[in-house]
Amino acid sequence: MLAVNSIYFFVAAPTSVRYVHNDVTVPDFSDYRRSDVLDKTKSSQDSSDARKAFSYLLTATTCVASAYAAKNIVTQFVSSMSASADVLALSKIEIKLSEIPEGKNMAFKWRGKPLFVRHRTQKEIDQEAEVQLTELRDPQHDLDRVKKPEWVILVGVCTHLGCVPIANAGDFGGYYCPCHGSHYDASGRIRKGPAPANLEVPYYEFTSDDLVVVG
């Protein structure tokens with residue numbers, strides 16, 4: 001009988017050694033904490049109102065600052081889309097009034113539209129001043145449409161479908177639209193026909209007794 005000697009091999013596994021350092025100090029953040037939460041013996045609920053107020057104040061301040069910044073951005077964007085000075089200059093027209101005889105109407109081109117400038121007689125002024133507002137579809141007193149009674153300045157576009165009325169024509173001696181039969185008086189107010197409103201009065205200024213600037 002043969003005896004077999006058994007040989008055992010042991011492999012030593014690597015071991016790690018962990019060291020505990022008791023000299024590590026925890027940073028103190030007390031300088032960054034609110035004064036009302038420094039006391040460890042007090043509950044955080046005691047200072048919740050103050051902390052909420054601070055949060056609300058910070059949020060409100062942020063919202064106001066954001067709104068102000070947004071306003072500036074929108075203002076700059078809108079300003080960039082506004083017409084330049086040279087374009088605005090072309091949008092105005094200067095008219096010499098001495099070239100328009102009394103009782104006559106002259107047409108000019110302004111912003112691509114016809115512009116009527118009428119030199120009214122005293123009879124026309126008195127006639128339009130006597131018109132009662134109850135008689136008008138678009139009630140407006142004559143004095144509310146003129147700056148000087150003898151001068152009427154209108155955009156010559158019918159308020160019905162945009163045709164150009166004929167001056168010194170129609171049943172009321174003012175303007176007549178040949179397209180659909182709208183009649184306006186010498187103040188440009190609609191008196192008869194399908195037009196729903198009076199002729200438009202543009203913005204204008206008298207720079208002297210003989211000059212008017214429209215636009």
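Mentor: A residue counts as exposed when its relative accessible area is over 50% and as buried when that value is under 20%; between the two, the residue is partly exposed. The model here is a predicted one.

Trainee: Why does Phe77 count as exposed or buried, whichever applies?

Mentor: Phe77 has a relative accessibility of 53%, so this residue is classed as exposed. Phe77 is part of helix 1, which covers residues 48-81. Together with Val74 and Val78, Phe77 makes up a nonpolar patch on the surface. The accessible area of these three residues together is about 300 Å².

Trainee: How much area does the chain expose, and what share comes from carbon and sulfur atoms?

Mentor: The exposed area of the chain is about 15500 Å², and 58% of that is supplied by carbon and sulfur atoms. As for burial, 25% of the 215 residues in the chain are buried.

Trainee: How many helices and strands does the chain have?

Mentor: There are three helices and ten strands. Read from the N terminus, the order of elements is α-α-β-β-β-α-β-β-β-β-β-β-β. Contacts add a second view of the chain: among those with a separation of 6 or more, 52% are between residues 24 or more positions apart.

Trainee: How are strand 2 and strand 3 paired?

Mentor: Pairing requires at least two bridges between the strands. Strand 2 (residues 105-110) and strand 3 (residues 113-119) have six, and the sense is antiparallel. One of the bridge pairs puts Asn105 opposite Arg118 in strand 3. The two strands form a hairpin with two residues between them, and there Arg111 has a positive phi near 55 degrees.

Trainee: Which residues does Ser91 contact, leaving aside its neighbours within four places in sequence?

Mentor: Contact is a matter of heavy atoms within 4.5 Å. With those neighbours set aside, Ser91 touches Trp110, Arg111, Val214 and Gly215. Ser91 sits in the loop that runs from helix 2 (85-90) to strand 1 (93-96). Its relative accessible area is 13%, so Ser91 is buried.

Trainee: In what order do the three strands of the open sheet stand?

Mentor: The order is 1-10-9, with antiparallel pairing. Strand 1 and strand 9 (204-206) are the edge strands, each pairing on one side only. From one strand to the next, the twist averages 20 degrees. Strand 1 and strand 10 (residues 211-214) run antiparallel and are joined by four bridges. Lys96 has Leu211 in strand 10 as its bridge partner.

Trainee: What is the order of the open sheet of four strands?

Mentor: That sheet reads 5-6-7-8, again with antiparallel pairing. Strand 5 (166-167) and strand 8 (190-192) are at its edges; each has a single partner strand, so one side of each has no neighbour in the sheet. Strand 6 (residues 175-177) pairs with strand 7 (residues 182-184) over three bridges. Tyr175 is opposite Tyr184 in strand 7.

Trainee: Why can side chains of opposite charge pair?

Mentor: Pairing is possible when the charged atoms come close. The cut-off for a salt bridge is a side-chain nitrogen of Lys or Arg within 4 Å of a carboxyl oxygen of Asp or Glu. Eight salt bridges are counted by this rule. One of them joins Glu124 to Arg118, at 3.0 Å from N to O.

Trainee: Is Arg118 buried or exposed at its relative accessibility?

Mentor: Arg118 has 0% relative accessibility and therefore counts as buried. Its partner Glu124 is buried too, with a relative accessible area of 14%.

Trainee: Which residue forms a salt bridge with Glu128?

Mentor: That residue is Arg189, with the closest N and O atoms 3.0 Å apart. This pair links distant parts of the chain, 61 residues apart: Glu128 is in helix 3 (residues 122-129), and Arg189 is in the loop between strand 7 and strand 8. Glu128 and Arg189 are both buried.

Trainee: Which side chain meets Arg189 in a salt bridge, apart from Glu128?

Mentor: Asp185 does, at 3.0 Å from N to O. Asp185 is buried, as is Arg189. Shared partners extend the pattern: salt bridges connect Glu128, Glu135, Asp185, Arg189 and Arg191 in one network.

Definitions and conventions
Residues are numbered from 1 along each chain as its sequence is written. This is a predicted model: local features need pLDDT of at least 70, side-chain atom pairs count only at pLDDT 80 or more; totals for chains, interfaces and linings use all residues. Side-chain values use heavy atoms; hydrogens and water are left out. Patches are made of residues with over 30% relative accessible area and no salt bridge: like charges are joined within 9 Å, nonpolar side chains (Val, Leu, Ile, Met, Phe, Trp, Tyr) within 5 Å. Accessible areas come from the Shrake-Rupley method with a 1.4 Å probe; for residues, only the protein chains shown count as cover. Buried means under 20% relative accessible area, exposed over 50%, partly exposed in between (1.4 Å probe, protein chains only). Axes are lines fitted to C-alpha atoms, for helices over the stretch in contact, and angles run from 0 to 180 degrees between N-to-C directions.
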